[in-house]
Amino acid sequence: MRVLNYLELSSRLRGGMVTATKQQRAALAKTDVEVVTSPWKGDHPIAAVEYELRGRGGFREYDVAHCNLVGPGSLAVARHAKRNDIPLVLHAHVTGEDFAESFRGSNYIAGPLKQYLKWFYSQADLVLCPSEYTKGVLDSYPVDAPVRPVSNGVDTGSLAGYETFREETRERFDLDGVVVFAVGEVFERKGLTMFCELAQETDYDFAWFGSYEEGPQASTTVKQWTENPPANVTFTGWMDDKRAAFGAGDVYLFPAKVENQGIAVLEAMACGKAVVLRDIPVFREFYTDGEDCLMCSTHEEFREAVDRLAADPDLRKRLGENAQETAAEHSLERVGERLVEAYEDVSVSVENEVTSD
């Protein structure tokens, strides 16, 4: 089977969607599926137009089209797939809910975005999403297509050797003692204010490893905290190697308000870190409070959890070891198996529809 696994604008994007797509491809590399990453002949839309004008067709050949974004390139792939009876899989990494509280003006765009996503995802023969929680969100729109949860998984190989970065990274950012940390793009949706307010009340070093907007697209909240952070908070900016972040930190604090799964949480768990999460449905779906993480609802609960973990290395170790077992349940081998099942099922479904017509 030849599958298009497409992420438009991949060279300009950062964050979880890019990581998820890379992990899909790594997972599929362990299967018999042949992966094509560009739909265009000549590997570019302009080159594809030239092929089309010469009557040679602008699209490559593949048996299943799997798109990971919702822009014009993916829309073109979707239309081509529907015209040619190619099974179409659309991956719902984006919802209106998780787009809010990200960039400046994102709250105003979230409503219209939901309407667009409802229409866009409804074109699919199958929609994949990272969690049952996200499936519920899409069903509420509602999306007029079958929706199937498939974990984004965690690439443990990409984290190998994270321990060796500890001293160098701590020295680089002047971190000492028990370090409370987060990894990923800096958004209010991910609990930025809670993160900084907790830091203000404690003496621990807090570090957020990840990029943040500084231009006009930055939200007021992000600018407020990153331009004038508490004395014990470090915003590192983009990290060339995520292993440095996981090596340097001790307690992974992620008070996200909305999340579709949270790849960085799985990465922290795979590194055996003690994890503190907001008690929201998507985390309840995957994790167990008191076993592989601590879950909190209020500011006071977060403060207590951070203090407990800072004072109790045995608790950090126990939670971290259990977290590693949880992360192992999201291996790329399992992700690859689920993706292949999805491609086979959608291919049979589309073939039956074509035959019945």
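Trainee: Does Lys-30 count as buried, partly exposed or exposed in this predicted model?

Mentor: The model is predicted, and the class follows from the relative accessible area, where exposed means over 50%. Lys-30 has a relative accessibility of 52%, so the residue counts as exposed.

Trainee: Which residue forms a salt bridge with Lys-30?

Mentor: The closest N and O atoms of the pair are 3.8 Å apart, and the rule accepts a distance within 4 Å. Lys-30 lies in the loop between H1 and E2 while its partner lies in helix H15, so the bridge ties together parts that are 303 residues apart in sequence. The partner is partly exposed, with a relative accessible area of 43%. That residue is Glu-333.

Trainee: How far apart are the end C-alpha atoms of H1, the helix before that loop?

Mentor: H1 has 13 residues, and at 1.5 Å a residue these should span 18 Å. The modelled helix agrees with this expectation, its end C-alpha atoms being separated by 18 Å.

Trainee: Which helices do the buried residues of H1 pack against?

Mentor: Met-17, Val-18, Ala-20 and Thr-21 are among the buried residues of H1. The buried residues of this helix pack against strands E1, E2, E3 and E4. The helices they pack against are H11 and H15.

Trainee: How much area do domain 1 and domain 2 bury between them?

Mentor: The centres of the two domains, taken over C-alpha atoms, are separated by 29 Å. In the interface, 26 residues of domain 1 are in contact with 25 residues of domain 2. Carbon and sulfur atoms carry 53% of the buried area, which is about 2,100 Å².

Trainee: How many salt bridges does the rule find across the interface of domain 1 and domain 2?

Mentor: Polar contacts do occur across the interface, with 9 residue pairs found. For salt bridges across the interface of domain 1 and domain 2, the count is 0.

Trainee: Which residues are linked with Asp-250 in a network of salt bridges?

Mentor: Asp-250 forms a salt bridge with Arg-170, the closest N and O atoms being 2.6 Å apart. This pair links distant parts of the chain, with Asp-250 in the loop between helix H10 and strand E10 and Arg-170 in helix H7, 80 residues apart. Both Asp-250 and Arg-170 are buried. The residues linked with Asp-250 in the network are Arg-166 and Arg-170.

Definitions and conventions
Residues are numbered from 1 along each chain as its sequence is written. This is a predicted model: local features need pLDDT of at least 70, side-chain atom pairs count only at pLDDT 80 or more; totals for chains, interfaces and linings use all residues. Side-chain values use heavy atoms; hydrogens and water are left out. Domain bounds come from an automatic or database domain assignment. Contact means heavy atoms within 4.5 Å. Buried area is the accessible area (1.4 Å probe) that two parts lose on being put together, summed over both. A salt bridge is a side-chain nitrogen of Lys or Arg within 4 Å of a carboxyl oxygen of Asp or Glu. A polar contact is a pair of N or O atoms within 3.5 Å; within protein, one must be able to donate a hydrogen and the other to accept it, and residues adjacent in sequence count only if both atoms are side-chain atoms. Helices (H or I, at least four residues) and strands (E, at least two) are DSSP runs, numbered from the N terminus. The expected span of a helix is 1.5 Å times one less than its number of residues. Buried means under 20% relative accessible area, exposed over 50%, partly exposed in between (1.4 Å probe, protein chains only).
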